[in-house]
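Colleague: Could you walk me through this one? I would like to start with the charged side chains and then move on to other topics.

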Amino acid sequence: DIIPQPLLDQYLSMTDPARAQTVDTEIAKHCAYSLPGVALTLGRQNWHCLKDTYETLASDVQWKVRRTLAFSIHELAVILGDQLTAADLVPIFNGFLKDLDEVRIGVLKHLYDFLKLLHADKRREYLYQLQEFVVTDNSRNWRFRYELAEQLILILELYNPNDVFDYLRHIALTLCSDKVSEVRWISFKLVVAILQKFYANSANALGLNFINELVVRFRHCSKWVGRQAFAFICQVG
């Protein structure tokens, strides 16, 4: 009763490959763009009406269609709630993580927004995958690594100090040695945020270990750029 059935049927038919060939090659992209709005209108109780269409769009051969969904999957998660998100969106989210950089950037830009909606045990599974964001199809795509550092600063609050030390610390140190200065600068802020996380949670031993690692890696670096990095970390802190 929320949307007239003929109108809903017309919308759902947009994913028909025949329409894309005969009506409009961009029609699937338009369908993907408007899907969160349709889902919000229908409500989570009627998600079953859209689920198949969403899965079809998520596997569309056009990367622009998948990219559109990747940029809005965090909004759809808010609409659907944690149970439907875990059941129906997480598998698609995982697929986007392994997609082209043009698609991955969509989930990366809102990584914190999506992860914070998951239960702690499900969220913890992504600790192993965050490292994969350091590697891109094109190494010159430095904005991808910059975005990763920005997201990690936010993501720190979602994990305990031990997980930050075991997983996120390695990523931060790698980004601090990036060839692009903008990436290094935002990474220095990430390093300081990690130290603040440790000491705010009384994980003083972890904080001291990390400081010692920074001293060895940067303060005593044989290259001037490493020693400069240490000075900048101190400045940010």
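Colleague: Which side chain of opposite charge is nearest to Lys 197, and how far away is it?

Modeller: The nearest one is Glu 157, 7.9 Å away, and Lys 197 is buried yet has no salt bridge. Buried means under 20% relative accessible area, exposed over 50% and partly exposed in between, with a 1.4 Å probe and protein chains only. A salt bridge is a side-chain nitrogen of Lys or Arg within 4 Å of a carboxyl oxygen of Asp or Glu, and for charge Lys and Arg count as positive, Asp and Glu as negative, while His and the chain ends are not counted. This is a predicted model, where local features need pLDDT of at least 70 and side-chain atom pairs count only at pLDDT 80 or more, whereas totals for chains, interfaces and linings use all residues. Residues are numbered from 1 along each chain as its sequence is written, and side-chain values use heavy atoms, with hydrogens and water left out.

Colleague: Where does Lys 197 sit, and what does it touch?

Modeller: Lys 197 is in helix 11 (residues 181-200), helices being DSSP runs of H or I with at least four residues, numbered from the N terminus. Leaving aside residues up to four places away in sequence, Lys 197 touches Leu 156, Glu 157, Tyr 159, Asn 160, Pro 161 and Val 164, where contact means heavy atoms within 4.5 Å.

Colleague: How many salt bridges are there in the whole structure?

Modeller: A search finds nine. One of them joins Asp 99 and Arg 66, with the closest N and O atoms 2.7 Å apart. That pair links distant parts of the chain, since Asp 99 is in the loop between helix 5 (63-97) and helix 6 (101-109) and Arg 66 is in helix 5, 33 residues apart.

Colleague: Is Asp 99 buried or exposed?

Modeller: Asp 99 is buried, at 17% relative accessible area, and Arg 66 is buried too, at 11%.

Colleague: And which residue does Asp 163 pair with?

Modeller: Asp 163 forms a salt bridge with Arg 124, the closest N and O atoms being 2.8 Å apart. Asp 163 lies in helix 10 (residues 161-176) and Arg 124 in helix 8 (residues 120-124), so the bridge ties together parts 39 residues apart in sequence. Asp 163 is buried at 4% relative accessible area, whereas Arg 124 is partly exposed at 36%.

Colleague: Changing topic, what are the domains?

Modeller: The protein is divided into domain 1 (1-118) and domain 2 (145-236), with bounds from an automatic or database domain assignment. Their centres, taken over C-alpha atoms, are 35 Å apart, and eight residues of domain 1 are in contact with eight residues of domain 2.

Terms used
Helices (H or I, at least four residues) and strands (E, at least two) are DSSP runs, numbered from the N terminus.
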